[in-house]
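Reader: Hello! I'm new to this structure and would love a close look at how one pair of packed helices sits together, with a little of the surroundings too. Could you walk me through it?

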Amino acid sequence: MSALKKTVSTVAAAALLPVLAAAPALAAPAPDKDEQPKPPAVMSTVGGAKLGRPGTQVNLAPGVPVLPKEVTGRSWIVADAESGDVLASHNAHWRLPPASTLKMLFADTLLPKLPRNRSHVVAPEELAKVGPGSSLVGVKEKQAYTVHDLWLGVFLRSGNDAVHVLSAMNGGIARTVQDMNARAAELQALDTHVVSPDGYDAVGQVSSAYDLTLIARSGMQNKDFREYCSTPRAKFPGEVKPGNKKRSTFEIQNTNRLLTGDFGIPAYQGIAGVKNGSTTHAGATFTGVAERGGKVLLVTVMNPSAKEGHAVYKEAARLLDWGFSAAGKVRPVGELVPPKSAATGSGTGESGGAGQTGPGGGDQAAGDGDGGTTVAAAGGGGAGTALTVAGGVLVLLAGGWFVVNRRWPLPDLVRRRRQSGSGSGSGSGSE
């Protein structure tokens with residue numbers, strides 16, 4: 001399959017700073033009855049001025065399909081994963097609790113630091129501070145796990161226990177939080193402030209639909225990240241029983257319903273990850289990546305108010321459907337900015353497939369643009385079945401340019417994934 005390079009313009013780091021420098025704060029308490037909280041009147045303008053405005057931002061024009069009506073997320077975004085163009089957004093920079101979608105930043109930060117075949121015996125204190133009601137994969141103290149095992153637990157079961165063990169291997173929770181905040185700053189995810197690496201509700205812990213999309217785009221550069229977030233099910237080590245020579249295993253299933261097709265949610269056509277989450281304070285959150293017809297899109301939805309079951313997945317699917325129908329027709333309202341190191345040429349790209357470096361010859365990504373309209377979310381979508389082959393993105397940083405390769409190959413595991421049918425899975429606690 002031939003590759004088509006596209007180049008996104010280099011933007012000086014100073015021009016990408018948000019208009020707000022205030023410390024992040026939690027979303028306002030929910031008002032009485034069914035009234036929803038309102039976004040700030042002024043938000044960050046990283047990626048374009050329109051992205052800092054409250055409400056829905058989309059450039060409607062002849063031939064551009066209307067946005068789906070049934071989208072109630074407090075904040076959402078649809079972006080081209082390759083060019084970085086933001087096709088449409090709603091309160092993109094509203095700082096909200098991220099729940100377990102924050103684990104994308106955890107993985108993007110730690111995956112390069114811990115060899116996947118390294119083995120670790122879990123100490124009791126490493127699990128002592130896992131929050132009550134957390135989603136767990138079933139890590140047991142005094143048992144040995146490889147880093148690979150633990151990442152499966154993080155991505156598939158959203159296991160806070162696995163996050164705490166990996167954090168201990170990284171020097172502890174405080175060190176990991178520090179590393180994650182530094183990584184967010186490098187990515188220019190400036191709405192994000194980490195307090196707990198697992199996304200567990202914590203005072204002052206926030207992110208935004210824009211930042212989560214930016215983080216996902218970075219994570220998808222890493223082949224291990226791509227493999228883990230696209231794995232529908234795997235075997236996880238059980239306890240070593242006295243007298244048993246062979247350690248037992250049990251199956252874990254990914255809690256991303258658009259990937260597995262479960263609980264009445266069909267697997268989405270072309271889905272290739274990324275991460276879901278849910279806590280009492282954050283509500284449901286989801287970031288996904290999917291490919292159709294040579295286009296690769298990212299979507300993030302935060303805290304939908306709809307009463308329908310699994311609304312976050314249904315709304316994400318509707319937005320993806322709209323994005324695929326609007327791609328190439330709609331003028332962007334902003335862009336996903338490159339990391340700070342891209343402006344200096346000091347970044348490095350990790351390749352999961354063939355790629356090229358250098359400025360390339362593609363079109364520059366559109367910025368804010370004029371003549372757009374601010375509209376209320378307005379004609380529906382629907383999810384299809386999962387493809388056995390999903391396209392993707394390889395982002396390389398070189399020579400001061402943010403170079404985007406047309407597609408990267410996802411791991412064989414995705415290509416072998418069966419199209420239909422997926423067993424049921426269950427679990428307690430927040431995702």
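Author: Happy to help; here is a look at one helix pair, followed by a few other places in the protein.

Please keep in mind that this is a predicted model. For orientation, the protein has 10 helices and 15 strands. Of its 431 residues, 57% are buried. The area that the protein exposes comes to about 16,700 Å², and 54% of that is supplied by carbon and sulfur atoms.

Now to your pair. Two packed helices are described by the angle between their axes and the distance between the axes. Here the partners are helix α1, residues 103-110, and helix α3, residues 160-169. Their axes lie 12 Å apart, and the helices pack at an angle of about 30 degrees. Because angles under 35 degrees count as roughly parallel, α1 is roughly parallel to α3. The crossing of α1 and α3 is left-handed.

Which residues make the meeting? From α1 come Lys103, Phe106 and Leu110, and these meet Asn160, Val163, Leu166 and Ser167 of α3. A general point helps when you look at such lists: an α-helix has 3.6 residues a turn, so residues three or four places apart point the same way.

Another helix worth finding is α8, which covers residues 311-326. Its 16 residues reach 22 Å from the first C-alpha to the last, close to the 22 Å expected at 1.5 Å a residue. Helix α8 is mostly covered, with 14 of its 16 residues buried. Just after α8 comes Gly328, which takes a positive phi of about 85 degrees.

From there, turn to Asn256, in the loop between β8 (249-253) and α7 (257-260). Asn256 counts as buried because its relative accessible area is 0%. Leaving out residues up to four places away in sequence, Asn256 touches Gly273, Val274, Asn276, Phe286 and Tyr313.

Last, find Leu214 in helix α5, which runs over residues 209-219. Leu214 counts as buried because its relative accessibility is 5%. Apart from neighbours within four places in sequence, Leu214 is in contact with Leu187, Gln188, Ala189, Leu336 and Val337. Take Ala189 from that list: Leu214 and Ala189 are 25 residues apart in sequence, and their C-alpha atoms are 6.8 Å apart in space.

Definitions and conventions. Residues numbered from 1 in each chain as written. Predicted model: local features only at pLDDT ≥ 70, side-chain atom pairs only at ≥ 80, totals over all residues. Heavy atoms only, no water. Helix = DSSP H or I, 4+ residues; strand = E, 2+ residues; numbered from the N terminus. Buried < 20%, exposed > 50% of the residue type's maximum accessible area, 1.4 Å probe, protein only. Contact = heavy atoms within 4.5 Å. Areas by Shrake-Rupley, 256 points an atom, 1.4 Å probe, with all protein chains shown as cover. Expected span 1.5 Å × (residues − 1). Axes fitted to C-alpha atoms, helices over the stretch in contact; angles between N-to-C directions. Parallel < 35°, antiparallel > 145°, perpendicular 65-115°, else oblique. Left-handed = near helix turned anticlockwise from the far one by under 90°.
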